[in-house]
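Visitor: I should like to go through some aromatic residues and a helix contact in this structure. Please give the reasoning behind each reply.

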Amino acid sequence: MSNQDDHHVLELLIATQSSEQDARTNAEARIASLQQSNGDELSKSLIRVTINHENDLSVKQSALVILKLTISTTWSIQFDAFKGNPLQQSTKSFIRSSLFQILLLPERKLRSLAANIISKISSADFPDEWPDLFDHVMSLLQSEIEDNIEGAVIILKELLDDGFTLEQFASIATSVFDALYNIATSEKIGFITKASTVEAVRFALNFFNQVEADKTDLNAFIAHAIDSWSTVFSEFLKLEYTEENRTNGLVLLKYHSVKAMEQLENTFPTESQSAIYQRLFPSVWADFPKSSEIYGSVFLNLDSDDGLADPEGEPGFVKLLVTEELEFLRLIIPKHQIKLFFKDSSDNMRKLVEITTFLAQISTEDEDDWKEDGNSFVTEELSLSSKYTCRSSSSDFVLELGEHLLDSLIDSLKEKLLSLVGTDRWRLLESVLFLLESVLVQDRNYGRQFGQNATLESLFQIISSGVSSGNEFLRARSFIFGGTIARNLKDFLVPIGVFDNLFDSALQSASSDSSFIVRCCALLSLQRFLAVSPRKHSKVTQMAIVEAVASIISSASDETPSLLVDALDWAVKISPDLAIVSSSRVIELLFTAAAIDASNIQLTSDTFEAFEYLSEHTKPEHYQAFCETAIPPLMQGLGTSALENIPNSSLIVNLLSILVDHAPRPLPRGLVDFVFPKVAHLLLQSEDNQFLQYGSEFMAHVIQHDPDQLLAFRSDDDKSGLEIVLNIVARLLNPEVEESSAICIGEVVTEVVDKYGRDLGDLLGQLLMATAQRLVTAQNPTFVQNLILVFAHMVSIDAQGVVNFLSEINLSTGTGLSVVLKAWLANFGVFRGFKEIRLNALALAKLYLLHDARIEETIVDGDLIIDNSNVIKTRSRARNQPLKYTSIPANVKIVKLFVDDLKNIPDSAGPNRTAWQHRKSIVEEGSAIAASAATMIDDNDGNKSDIGNEVGGGGENEDWEDVFNPADFGMTMSELKKLARTESFDNGGKDKWANEDDEQDDDDDEYDDEDEDEASNFFGEKGGDEETNQILVNFFKNIYANEREQIQSIYLKYLTAVEKQVLQNWAPRLE
C-alpha cells in the first residue's frame, strides 16, 4: 500500500472509534474485508500507523489490536481463528522486526500490546520459524536503556506465561533467572520495571510445578534460586514508603514481591522453609502494619493519594498489597514455627488481631455503595459476591487462624471487643463482631465454651446496645451476630432471658426498621433464632416474617430474593396452613421473589423446594383452599396472550406442576378448567425449551391424577382435553423440535397410553409409531430414556403384544422393533433413576424370556472393536473414523448388559461372602428359587415369568399383570388397546389419599423412591437398588435352572473373558 493507502487505513481506524453506530459498523466491515483480501498490505499499514508519532495513542492501540486479529486469521494454521490466505514470509519478517521497534516506544500500553503479539506469533513460530527470538529478547534485557529492558521483560512474561514449553524453558532457565536477577538488583532500574521483572520471576517459578519427576537433580539450582530471590523480595519489602518511592511505584513492586513469595512457598513448600522463617515472614510482618496504615489513609478516611496508582492510572494496588500480605500469612500460619510465634506471645497475637480488625472495617467506598444499594450488602453478607476485598480477605484469614490458634484468637478478639465498649468507633466495633461471628459460624462447639466465660453478660450488653445504635451497619451486624451467638449459646441464653429479648427485637426490626439493610439482617438473624428455638414457632412469628418479606421485596435484587425465599421457607415450615390463608400472600411473595431473577438457578430451586414443602404438607381436606389461594397469582403471570411478554412462564408452569403432582386424586374441582387451557395454548406456541419441559411434566401430572376431569374438558372450539394433549404430543415428537424441549414428552405419552388407551382407537397405534420414529434421530440420553420408558412400561404389561405391534410397523430405518431395541440397548448403561433402572431391567428380562425369533434376529452393536494400530488418532481423525462395534443378536446383548450389571452388585449381595453367609443364603432363598424356576417360560405359549413379582411382592408390576393378564394379546387395534390401564403407575394403583394405613405404606414407598433417585443422580451408577439387583440375580438363576444349554452357547460364543469371569464368580449362587 502507498502512503495514500496508509491514510485510508488510518481513516478506517478513526471511524471504528466513532460515536455513530453506522460509521463504526461500516469501518469494521471494511477492515474485515481487507484482512482476507489483502492481509499483507493491511498488516504493513497497521504497523506504520502505530510507529507514526503523529497519530493519537488511541488510534495506535486500535491498530495493534486489529493487527493481532489479522495475525490470528492469516498467520498460521495452528491458530483456531485461521481462515486461509496466509501472509507472505516477507510480510511476516517485516512484522516481527517492526514489533521490536514498537517495544522501544515510550508508551507502555503500546509496548504491552506489541509484547502480547510477539508472544502469540512465537507460539506458532518459535523456535523453528523464529530461532533468534529468545536471543533478541535476552539482548534487550542486557540493554542500558530501561524502556528497552521493560519491553523485553514484557515479552518474556508473555513467553513464560503462555509461550515456552517445559522443555524449552528447561534449556534457558539459568540464563533467564540470571538476567532477571541482574535487573531486579540494579540500582539504575526503576520500581515499575522491577515490579514487572518480579512478575516474570513468578511465571518462571510456575514451570517447576510442571516437573513431575524427582527434582533431586535440581536441588542445587532450587536452593540457589530460593536463597537469592527470597533475599531480593525481602529487601524490596524493607523499602520505606517515602512520598517519592510511593509515587515511583513502590506499592506495585511490593505487591508483586509478595505474590512471588506465595509462588515460592507453593512451588517449594519444603525447600523454602528456612527462607520463610529467616527472611520472608519477618519482612512481611514488619511491612504489614505500614501497608495497612496506608490502606486506612486511603480507604477508611476519605483521603486521596494518587501517588499510589500505577503511572498508567490503574488504582488500588495498596488494597491488593495488604490483601496479598494477608494471603501470604494465611498460607504460612500452619507452619510450626509461625504458630509458635503467635501462640507463645500474646503481644504478637494481639498485634495481629489489631491489624486484621483494622483491615476488616467497612471502607468508605463500600459504605457509600451499600447505602445507595443495600442489596449489594446482602450479597456480600451471604458470601456470594464476586468482589474480593480486604474485609473478605480478613475473614478468610481469621478462619484459617482459627483452625490452628483458636483459643488465642478468640481471647484477643474478645479483648478487642470489650475495649471498644462505650466508644463511638462503630467501624471497629462492627469489624470485631464481623470477624468473631465468622469464627463462631465455623466452630459452633467453641461457642459453648465461650458461653461459660464471665464476659457473656458484657457480650450481650454490646449486642443489645448495637441493635439500638444510630448507625445502620452496626445495628445490622449486631442482629446477625446475635442470631449466631444465640444458635451457639442457646443453652446459656434461656436462663438469663437474653434470647427472648434478642428475638423480639429482631422480629420487630425485620419489618419496621428504617434501614433496608437492617431489615434484611434482622430477617437473616430470625432464621438462626428459629433453627434452635421451636417454641418460637408460632403464628405470630410466621406472619411477622411474611410481613417483613413484604416490606423488603419491592426493593430486592441481586441475592436478596434468595434471602427472602429462605425466610418464607422457614415461615411455611412453622405451619403449612399458612398457604390457605389468602391474606398471608405467601404464595404471591414466593413467586414474586423468584421472578425477580428467574435465571438464578439457586433462587428458583429454593423456591421450588419451598413450594413443594407446602404442597406435600397441605392436608387433603385443605387442598382445594390451597389451590384457590395459590393458583390465581400464578395464572395472573400467564394472563397475557402474547408469548414474548411472559418472561417467567417456565417458573410459573413448574410451580403449577409441583402443585398438581402433590395434589389428591382426583384433582380439586375446577382445576383443569382454570389452568389447562392457558398452559396448553402456550405449549402449542412456545419455543422456550424450559417451558416445554416443565409444561410437559405438568400435563403428565394432570393426566396421572385426574384423567376424567381432563377428558371432560372442552375448549371454546369444542376440542376435548385429550385431543389438545395429542396435538401437544404431536408437536413435541416432531424432529424439528429440539430434543431438550421435548425431553419430558415420553412421560406424557406413557400417561396417555395408560389412561386413555381404550379411547384412542387407531390413534394409539399412530402415537406409538410416532414415538418409535422419534427414536430414529434421538441423541440426548435423557430424551432417549424417556421415549424408551414408554415401551418399557408397555413391555412390563405385555411383552409379547409389544413385540407383535412393533414388528408390524415400518419406519425410515427398519421395523419399529429394530429401532426400539437398538436405541434401548445402546442406551441401557446411561439410564438414571432407581425406579427407571428397575423397570428397564424388568422389561428387558421379559423380552429375553419370550425367545421370540424376531428379537433374536435383530442385530445390534456388541463389543467395542479396539484399534490396536500405532497410528496417533487426532481429534479430526477420530471424527472421520467413528467407533466400531461387533454385531450380535439383541437377546445376546441383553445377557451381556445384565452380566455387566451383575458385576456391579455390591459384595454383600454377591459371591464374596463367607461360607456361612452363603449357606444361610441358599437355605433362605431356596423356596424363592424353586418358585422362580417353576414360573419360568419353558415353551412358546406366551406364559409370563414372575421375575418382577419375586421382588418385593405386591408391587406395581404385579398390579399391572393382575389387572390385564393379556395372555392372548395379538396385533389387532382392539387388543393393542388392552395396554391401557385404569390404575395409576404409582403406588400400586392406590389413591394415596384414600386412608391413613394405605397412605402410610405409600408414603414410605414414595420416600424410598425419592432417596433412591437422589442417590442415583448423585453417584450416576447402578448397583445400589436392592430390587434391581434381585431382578438380575433371579434372571440368571432362572436361565441357569431352565435354559442351561442356551446360556452355555451364549457364554462360549459371545461373552468376553471378563464377562465369563463374572458368571464364574456368581456360579455357586446361580446353580
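Visitor: Is Phe177 buried or exposed?
Guide: In this predicted model, Phe177 has a relative accessible area of 5%. Buried means under 20%. Phe177 is therefore classed as buried.

Visitor: How many residues apart in sequence are the parts that Phe177 and Phe221 tie together?
Guide: The rings of Phe177 and Phe221 form an edge-to-face pair, 5.6 Å centre to centre with 65° between the planes. Phe177 belongs to helix α9 (residues 166-184), whereas Phe221 belongs to helix α11 (residues 219-238). The pair therefore ties together parts whose separation in sequence is 44 residues.

Visitor: What is the angle between the planes of Phe281 and Phe341?
Guide: Phe281 lies in helix α14 and Phe341 in helix α16. Phe281 is buried at 4% relative accessibility, while Phe341 is partly exposed at 27%. Their aromatic pair is edge-to-face, with 5.1 Å centre to centre and an angle between the planes of 85°.

Visitor: Which term describes the orientation of α14 to α16?
Guide: The axes of α14 (residues 273-299) and α16 (residues 336-343) come within 12 Å and cross at roughly 40°. Angles under 35 degrees would count as roughly parallel, and 65 to 115 as roughly perpendicular. The crossing angle therefore makes α14, relative to α16, oblique.

Visitor: How many charged residues are in the contact of α14 with α16?
Guide: Tyr277, Phe281 and Trp285 in α14 meet His336, Gln337, Ile338, Phe341 and Phe342 in α16. Six of the contact residues are nonpolar and two are polar. The number of charged residues is no more than zero, that is, there are none.

Notes. Residues are numbered from 1 along each chain as its sequence is written. This is a predicted model: local features need pLDDT of at least 70, side-chain atom pairs count only at pLDDT 80 or more; totals for chains, interfaces and linings use all residues. Side-chain values use heavy atoms; hydrogens and water are left out. Axes are lines fitted to C-alpha atoms, for helices over the stretch in contact, and angles run from 0 to 180 degrees between N-to-C directions. Helices (H or I, at least four residues) and strands (E, at least two) are DSSP runs, numbered from the N terminus. Angles under 35 degrees count as roughly parallel, over 145 as roughly antiparallel, 65 to 115 as roughly perpendicular and the rest as oblique. Contact means heavy atoms within 4.5 Å. Ala, Val, Leu, Ile, Met, Phe, Trp, Tyr, Cys and Pro count as nonpolar, Asp, Glu, Lys and Arg as charged, and the others, Gly among them, as polar. Rings of Phe, Tyr and Trp (its six-membered ring) pair if their centres lie within 6.5 Å; planes under 30 degrees apart count as stacked, over 60 as edge-to-face and the rest as tilted. Buried means under 20% relative accessible area, exposed over 50%, partly exposed in between (1.4 Å probe, protein chains only).
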